[in-house]
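This report covers one helix and its setting in the chain. The sequence and structure come first.

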Amino acid sequence: AIMALAPVPKVVFGLIAFAIFWVLAVFPAVPFLPIGRTAGSLLGAMLMVLFQVITPDDAYATIDLPILGLLFGTMVVSVYLERADMFKYIGKLLAWKSRGAKDLLCRICVISAVSSALFTNDTSCVVLTEFILKIARQHNLPPTPFLLALASSANIGSSATPIGNPQNLVIAVQSKISFGNFLVGILPAMVAGVVANATILLIMYWKLLSVHKDEEDAGAEAVVEEYDSHRFSPATMSHFSSLNSQEWNSHLEAISVQNSPQQILRNRSIASEIIGVSSNTFDSARISSLPRDGTNGVPSLTKEETSPTSSSATVDTLINPSERKNNLIIRWKRVLWKSCVYIITVGMLVALLLGLNMSWTAITAALALIVLDFKDARPCLEKVSYSLLIFFCGMFITVDGLNKTGIPSALWDIMEPYSRVDRASGVAILAVVILVLSNLASNVPTVLLLGGRVAASAAAISKADEKKAWLILAWASTISGNLSLLGSAANLIVCEQAIRAPNLPYTLTFWSHLKFGIPSTIIVTAIGLTFIR
């Protein structure tokens, strides 16, 4: 059943609209139209409707709401995990009893893979980049291998679960493979991939990592003390400024007005050296109006757990016993709240493993966290990357418009006989097609374009092969993100975060990434494919 091409005008207009989307999605800062990725996908979608490639009603129908719901839910959950210092603990794991540079590299690979499987790769990268730069600086090691380890392992790790990255969400929702089956199907490949990737990094950077003898653990511990949860907005690089300094000052004023004179004194002393705002300064109810994580350089208000800052030590003498008791209560409340956040998150993962509806499970967990927090959720909801959700809407419409032109089907009909998943050669060719397409059109559009077709042709062979085809698609499209810096959002985030890191900016270059990316991608993809059942 060869699907005929659409009428010529429709094909031409469809291609024009898709080309505009493609250019803006792949190169977000094109000089002739620097409107960025999100607006680019909306522009593509609008042109598809305007050029009558797709009807307005069909356009809305193509937007896959379960995927958006799942994305939204996981983003909210990760905002709360960040507030509950989850990633601070992960950071401590990196520095804990470290045995030198090679040990650190392997740790980064494992921790980054596991955390991105559970909390999406973008989140892991946003949160761990600055931390890894600090540890590298502390031990006076070159950051490149560690940043590469973070980005590449985050991509590999995220392949194992439907909530690891956006293309897996799409695959899990469209293929109706349950969370547990998905995990079991890809986990062996993921483990093998992480090991292979770490080995490649060690071989490439062995000399570089052997030169530096690292200092005592003490250095590593110190890093943890000064590590602060920081700018956090998953999967976006463009808007880290949700709380500007003026607002921050007015908050401080408001807080000091409500407090006793000695509180004011304390606020002043801390406001003056705002770097160490400690939570015993204001009681947590007053803080509620502020986001906990330092957004746009506003420091975290929850640092007190690790080390009371010097200023709070000097004003300690002003605190009467009743206030000290209050602080204790506040601290206990916080410990209780943290444990509830972790329990809800584990509950969400269990529910997903039991095969409940994925997007509603994530949304339920998100709302449980919001209700439990018991205060205005706006600051937390503002940290969700809505532009990513909009990007997805535009992309669904644009890709569907391209499908309506009949071109992808025609191309697939040519490829199909050679890429059957019941033969090794077929799997190899399919993987190459996915690798190339993912790097040309980025991985989510690739999955949207190929998914149904690959699955349909595999389903003709057998039911098991259909599942295998979906998993191959998930694996190859995710690992292809390691090929170049532009391959996945995770790479770009690591790069951006490293450039923006306060007081230790570092630039990860395209070429230093590529000379590791090409061999790593090919070897890891090949090894993983042999494990996918």
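## Helix α25 and its surroundings

In α25, the buried residues are Ser512, His513, Leu514, Phe516, Gly517, Ser520, Thr521, Val524, Thr525, Gly528 and Leu529. These values come from a predicted model. The cover over the buried residues of α25 includes α8 (143–158), α10 (179–211), α21 (424–441), α23 (463–479) and α24 (489–500).

The span of α25 from its first C-alpha to its last is 30 Å, close to the 32 Å expected at 1.5 Å a residue for its 22 residues. At Gly517, one of the buried residues, α25 bends by about 30 degrees. A proline, Pro519, follows Gly517 within four residues.

Ile518 also lies in α25, which runs over residues 510–531. Its relative accessible area is 38%, so Ile518 counts as partly exposed, the class between 20% and 50%. Together with Ile522, Ile523, Ile527 and Phe531, Ile518 makes a nonpolar surface patch of about 400 Å².

Which totals describe the protein chain? The table lists its residue burial, contacts and accessible surface.

| Quantity for the protein chain | Value |
|---|---|
| Buried residues, out of 533 residues | 57% |
| Contacts between residues 24 or more positions apart, out of contacts with a separation of 6 or more | 79% |
| Accessible surface | about 22,200 Å² |
| Part of the accessible surface belonging to carbon and sulfur atoms | 69% |

As for secondary structure, the protein chain has 25 helices and zero strands.

Conventions:
Residues numbered from 1 in each chain as written. Predicted model: local features only at pLDDT ≥ 70, side-chain atom pairs only at ≥ 80, totals over all residues. Heavy atoms only, no water. Patch = residues over 30% accessible without salt bridge, like charges linked within 9 Å, V, L, I, M, F, W, Y side chains within 5 Å. Areas by Shrake-Rupley, 256 points an atom, 1.4 Å probe, with all protein chains shown as cover. Salt bridge = Lys/Arg side-chain N within 4 Å of Asp/Glu carboxyl O. Helix = DSSP H or I, 4+ residues; strand = E, 2+ residues; numbered from the N terminus. Buried < 20%, exposed > 50% of the residue type's maximum accessible area, 1.4 Å probe, protein only. Expected span 1.5 Å × (residues − 1). Bend = angle between axes of the 7 residues up to and from the residue. Contact = heavy atoms within 4.5 Å.
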